[in-house]
Amino acid sequence: MKHVYCSLFGHQFEISKEVTYAVKEYKCKHCKTEVTNNGNGNFVELTPKYKEINSVLERIHLRRLARKQQTILDH
Ligand SMILES: [Zn+2]
């Protein structure tokens, strides 16, 4: 259900999770609606399907970061 504030002023999203550099999850401060941006830069509702996609992206992202750090340590 939409918060009264949101229906008057629109959602006030803040980042709830940084999945990758490009993909983030956002949550509305007032009504807790969650959205994410997909690969095309569009905002979509954070459905269980997108949560799943994001958790896969996050895992790949973290693995890449770990590998990068490993490379730095090697030098
Ligand atoms: Zn809202």
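This report walks through the strands, one buried asparagine and a surface patch of the structure above. The model is a predicted one, so please read each feature below in that light.

**How the strands pair**

Let's start with strand E1, which covers residues 13–18. E1 pairs with E2 in the antiparallel sense, and five bridges hold the pairing. The two strands make a hairpin, with five residues between them. If you would like a landmark for this pairing, look at Phe13, which stands opposite Cys28 of E2.

Strand E2 spans residues 24–28 and is mostly covered, as four of its five residues are buried. On from E1, E2 also runs antiparallel to E3, joined by three bridges. Here Tyr26 has Val35 in E3 as its bridge partner, while Glu25 stands opposite Thr36 in E3. The hairpin of E2 and E3 has five residues between the strands, and within it Lys32 takes a positive phi near 65°.

E3 in turn is joined to strand E4 (residues 43–45) by three bridges, again in an antiparallel arrangement. Val35 turns up once more in this pairing, with Glu45 in E4 as its bridge partner. In the hairpin of E3 and E4, five residues lie between the strands, and Gly41 takes a positive phi near 85°.

The bridge partners named above can be set side by side:

| Residue | Partner | Strand of the partner |
|---|---|---|
| Phe13 | Cys28 | E2 |
| Tyr26 | Val35 | E3 |
| Glu25 | Thr36 | E3 |
| Val35 | Glu45 | E4 |

**A closer look at Asn37**

Is Asn37 buried or exposed? Asn37 counts as buried because its relative accessible area is 11%, and the cut-off for buried is under 20%. This residue belongs to strand E3, residues 34–37.

What does the side chain of Asn37 reach? It comes to 2.9 Å from the backbone nitrogen of Lys24. A polar atom of the same side chain lies 3.0 Å from the backbone oxygen of Ala22. Leaving aside residues up to four places away in sequence, Asn37 touches Ala22, Val23, Lys24, Tyr26, Asn42 and Phe43.

**A nonpolar patch on the surface**

Now for the outside of the model. Val4, Leu8 and Phe9 form a nonpolar surface patch, and together they have about 370 Å² of accessible area. Leu8 sits in helix H1, which runs over residues 4–9. Leu8 is classed as exposed because its relative accessibility is 62%, where exposed means over 50%.

Methods. Residues numbered from 1 in each chain as written. Predicted model: local features only at pLDDT ≥ 70, side-chain atom pairs only at ≥ 80, totals over all residues. Heavy atoms only, no water. Buried < 20%, exposed > 50% of the residue type's maximum accessible area, 1.4 Å probe, protein only. Polar contact = N/O pair within 3.5 Å; in protein donor to acceptor, adjacent residues only side chain to side chain. Contact = heavy atoms within 4.5 Å. Patch = residues over 30% accessible without salt bridge, like charges linked within 9 Å, V, L, I, M, F, W, Y side chains within 5 Å. Areas by Shrake-Rupley, 256 points an atom, 1.4 Å probe, with all protein chains shown as cover. Salt bridge = Lys/Arg side-chain N within 4 Å of Asp/Glu carboxyl O. Pairing = 2+ DSSP bridges.
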